[in-house]
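Student: I've got a model open on my screen and I'd like to talk it through with you. Can we go over what holds its parts together?

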Amino acid sequence: MKIALTGASGFVGSALQKEFGNCVVIKRDDSEADILKKLQGADAVINLAGAPIIKRWSKSYKKVLYNSRIETTKKLVNAINKSGVKHFISSSAIGIYPDNTACDEECSKSADDFLANLVKDWEKEALKCKKQTAILRLGVVLGGNGGALKKMLLPFKLGLGGVIGDGSMVTSWIDIKDLVRIYRFILQNSLTGTFNAVSPNPVTNKILTKELASALNRPAVLPLPKFVLKLIYGEASVVLTASKEVYPKALLKAGFEFEYPIVKESLEHLIGKNI
């Protein structure tokens, strides 16, 4: 299967290139004509386009976040609809769901903030694709050479790790190995629709902190007040402090089996690789 990929240089994109090998790389500044040319002979397209979300959201950077996702996806979909591509997977985020609410793909509620509205517009453009289309809503991705875990490791290794706020916020996470397997599973089974790419076992920040400290054999005694994150990241701090309890009902119904459904097992296997 020949795969075309946007966001190829990112953490998830790099993992997918290792999985599928020789992916056709589509760049954000490629014109629609450039993309159409690159799609010749491609069987499927995976869309991971988007500027980094963990960065202060100035007015100008919000435009970058929006254009890098919505405008890039619009251009990509226009090209796909004119090509021989059979399957399109557009990545999205669980930020669409409201805080403190248990949600699966059938959840009718959604958040009403910048991130949620960004996701809604992103998915709206992706669903204009006339080919088989799947939307994959990613949770917090844990991996050995990037993603959320890499950002968390240093303070923990220094013995400065701790819970965020009171530790009650819920984190819906996914092991990078399972995430890559989900993309392959969707393609192999020609699945369409919306799928939550999260473990079936979300955890509180208190539990995540405890398991990470245990895997590293380090203490976790210094709590991190939410206002500190607000000072550092501004409005973008909601990405780190939001409480998203999300479940992968659609994937489980389709028969997907998680290799790392428990956060303790995921962290032990990742940290065991000397990250």
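Tutor: Sure, and keep in mind that this is a predicted model. Let's start with some charged side chains: Glu211, Lys264 and Glu268 are linked in a network of salt bridges.

Student: Which helix is glutamate 211 found in?

Tutor: Glutamate 211 is the residue we just met in the network with Lys264 and Glu268. Leaving aside neighbours within four places in sequence, glutamate 211 is in contact with Val263, Lys264 and Leu267. The helix that holds glutamate 211 is H7.

Student: Is glutamate 211 buried or exposed?

Tutor: The cut-off to use is that buried means under 20% relative accessible area. Glutamate 211 comes out at 16%, so it counts as buried.

Student: How many salt bridges does a search of the whole structure find?

Tutor: The network of Glu211, Lys264 and Glu268 is one place to look. Elsewhere, aspartate 30 meets lysine 38 at 2.7 Å, N to O, and glutamate 125 pairs with lysine 128 at 3.2 Å between the closest N and O atoms. For the whole structure, the search gives 14.

Student: How do aspartate 30 and glutamate 125 sit, buried or exposed?

Tutor: Their lysine partners are both in the middle class: lysine 38 is partly exposed at 27%, and lysine 128 is partly exposed at 46%. For the acids, remember that buried means under 20%. Aspartate 30 has 9% relative accessibility and glutamate 125 has 10%, so each of them counts as buried.

Student: How many residues apart in sequence are the parts tied together by arginine 184 and glutamate 19?

Tutor: Those two side chains meet in a salt bridge at 2.6 Å, N to O. Arginine 184 lies in helix H6 (residues 176–188) and glutamate 19 in helix H1 (residues 11–20), so the pair ties together parts of the chain that are apart in sequence by 165 residues.

Student: And what class of exposure do arginine 184 and glutamate 19 fall into?

Tutor: Partly exposed is the class between under 20% and over 50%. Arginine 184 has 27% relative accessibility, and glutamate 19 has 34%. That makes each of them partly exposed.

Student: Back to H7. At roughly what angle does it cross helix H5?

Tutor: Helix H5 (residues 147–157) and helix H7 (residues 205–216) have axes that come within 11 Å. H5 passes H7 in a right-handed crossing, and Leu149, Met152 and Phe156 are among the H5 residues in the contact, with Leu208, Leu212 and Ala213 among those in H7. The contact residues divide into eight nonpolar, one polar and one charged. As for the angle, the axes cross at roughly 65°.

Student: Which strands are at the edges of the open sheet?

Tutor: Six strands form the sheet, with parallel pairing, in the order S2-S1-S3-S4-S6-S10. The twist averages 20° from one strand to the next. An edge strand pairs on one side only, and here those are S2 (24–26) and S10 (193–197).

Student: Over how many bridges do S4 and S6 pair, then?

Tutor: Take strand S4 (residues 87–93) and strand S6 (residues 132–138). Histidine 87 stands opposite glutamine 132 in S6. The two strands pair in the parallel sense, and the number of bridges is seven.

Note on methods: Residues numbered from 1 in each chain as written. Predicted model: local features only at pLDDT ≥ 70, side-chain atom pairs only at ≥ 80, totals over all residues. Heavy atoms only, no water. Salt bridge = Lys/Arg side-chain N within 4 Å of Asp/Glu carboxyl O. Helix = DSSP H or I, 4+ residues; strand = E, 2+ residues; numbered from the N terminus. Buried < 20%, exposed > 50% of the residue type's maximum accessible area, 1.4 Å probe, protein only. Axes fitted to C-alpha atoms, helices over the stretch in contact; angles between N-to-C directions. Left-handed = near helix turned anticlockwise from the far one by under 90°. Contact = heavy atoms within 4.5 Å. Nonpolar A, V, L, I, M, F, W, Y, C, P; charged D, E, K, R; others polar. Pairing = 2+ DSSP bridges.
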